[in-house]
Amino acid sequence: MAANPSRSVFASTCKALQQCSRSCQAVSRQLTPASVRRFTSSSANKSDNAAAQPTQHAEPASSGTPQERPRWSYTPERMKGPGFSLNIVKDPRRTVWQNNEDPERLDAMYRKLLGQGGEKVLPDEIKWLAITHKSFDQGRRGFNTRLAYFGRQILALESVRAIMVSSIDPTERPVNDAHGREPYQHPALTNVDKLNIRLPRDIIDKDKVAKLALECGMMGVIRWKPRMPENLESSGLTVVLNTAIYAIIGAISLQHGAEVAHRAVREKILRRLGGV
């Protein structure tokens, strides 16, 4: 008899909870807008129908469709503006500038720079990216700034190595100390002392690198937009040529590894610049 009151209390509690849940559901239906309910039900139905249907693979394009153009040859449609420019050109003649679009001329430049078979060292897309300055097409086709930064570090490292293994005698040009002090001498530090006589910037001087690029025919293949077409030197031609050389070295390192890139720097660049 003592358990009957507890059973009645439990039953009444369950009935109260059921009534509360029903009332909460009714209130939520009244507060939810009809548009939200329609959207939820339609999306649920669509998802159910999509799950019920078997997956269908996209059919391959027919052989008659034109082949997709390479990425370097055009500006992506979604990166084009609405058809007008906010840039006010003072001299319309400076907007006229033609860049190379011939892959044969590009391959000829790589052969002159890297030797026989140099056009096969990099993929086509990377070959065009390495000689593309950020001023070309507003950078919408990619540019070589980051590749050039990486390649410049490789050139600097190889220049330091070339100086340290060179035949320079650091004792030929003693450093005169104002206080009459004598530097510490040790055979292990002999190569390091060579950096007091010659620095990497003496080897990879920007004028020397630009001259090398011109000898390889890079002037006719680099893609850029000079600020003043009538004065290329004032528009930064030297810097653009240096950037392209650095970017090619950086691309080789990323494509084939550090060993191949360092060998290319020693044999194809530093030897021509007089650093080896």
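## Helices and overall fold

A helix here is a DSSP run of H or I with at least four residues, and helices are numbered from the N terminus. In this predicted model, helix H9 covers residues 237-256 and is followed by Gly257, whose phi is positive, near 105°.

The chain's secondary structure consists of 10 helices and zero strands. In sequence order the pattern is therefore α-α-α-α-α-α-α-α-α-α. Of the 276 residues in the chain, 29% are buried. Among contacts with a separation of 6 or more, 73% join residues that lie 24 or more positions apart.

## Confidence

The mean pLDDT of the chain is 79, and 73% of the residues score at least 70. Among the elements of the chain, helix H9 has the highest mean pLDDT, at 96, and helix H2 (residues 34-52) the lowest, at 44. The pLDDT is below 50 over residues 34-66, a stretch that has two contacts in the model beyond near neighbours in sequence. Where pLDDT is low, the predicted coordinates should not be read in detail.

## Helix H9

The end C-alpha atoms of H9 are 29 Å apart; at 1.5 Å a residue, its 20 residues should span 28 Å, so the two values agree. H9 is mostly covered, with 16 of its 20 residues buried.

Thr238 is one of the residues of H9. Its relative accessibility is 12%, so Thr238 counts as buried, the cut-off being under 20%. Leaving aside residues up to four places away in sequence, Thr238 touches Lys206, Asp207, Ala210 and Glu233.

## Packing of H9 against H5 and H10

The axes of helix H5 (residues 145-164) and H9 come within 6 Å and cross at roughly 85°. H5 is therefore roughly perpendicular to H9, a label that applies from 65 to 115 degrees. On the H5 side, the contact is made by Leu147, Ala148, Phe150, Gly151, Arg152, Ile154 and Leu155. H9 contributes Thr243, Tyr246, Ala247, Ile249, Gly250, Ala251, Ser253 and Leu254. By class, the residues of this contact of H5 with H9 are 10 nonpolar, four polar and one charged.

Helix H10 (residues 258-273) also meets H9: their axes come within 7 Å and cross at roughly 145°. Here Ile245, Ile249, Ile252, Ser253 and His256 in H9 meet Ala258, Val260, Ala261, Val265 and Ile269 in H10. Eight residues of the H9 contact with H10 are nonpolar, two are polar and none is charged. Ile249 and Ser253 of H9 are listed in the contact with H5 and also in the contact with H10.

## Two further residues

Met164 lies in helix H5. With a relative accessibility of 25%, Met164 counts as partly exposed. Not counting residues up to four places away in sequence, Met164 touches Asn191, Val192 and Lys194. Between Met164 and Arg198, the C-alpha to C-alpha distance is 9.5 Å, with their positions 34 residues apart in sequence counted as a separation.

Glu119 lies in the loop between helix H3 (103-114) and helix H4 (124-130). Glu119 is buried, because its relative accessible area is 15% and the cut-off is under 20%. Beyond residues up to four places away in sequence, Glu119 touches Asp107, Tyr110, Arg111 and Lys127.

Note on methods: Residues numbered from 1 in each chain as written. Predicted model: local features only at pLDDT ≥ 70, side-chain atom pairs only at ≥ 80, totals over all residues. Heavy atoms only, no water. Axes fitted to C-alpha atoms, helices over the stretch in contact; angles between N-to-C directions. Helix = DSSP H or I, 4+ residues; strand = E, 2+ residues; numbered from the N terminus. Contact = heavy atoms within 4.5 Å. Nonpolar A, V, L, I, M, F, W, Y, C, P; charged D, E, K, R; others polar. Buried < 20%, exposed > 50% of the residue type's maximum accessible area, 1.4 Å probe, protein only. pLDDT = per-residue confidence, 0-100. Parallel < 35°, antiparallel > 145°, perpendicular 65-115°, else oblique. Expected span 1.5 Å × (residues − 1).
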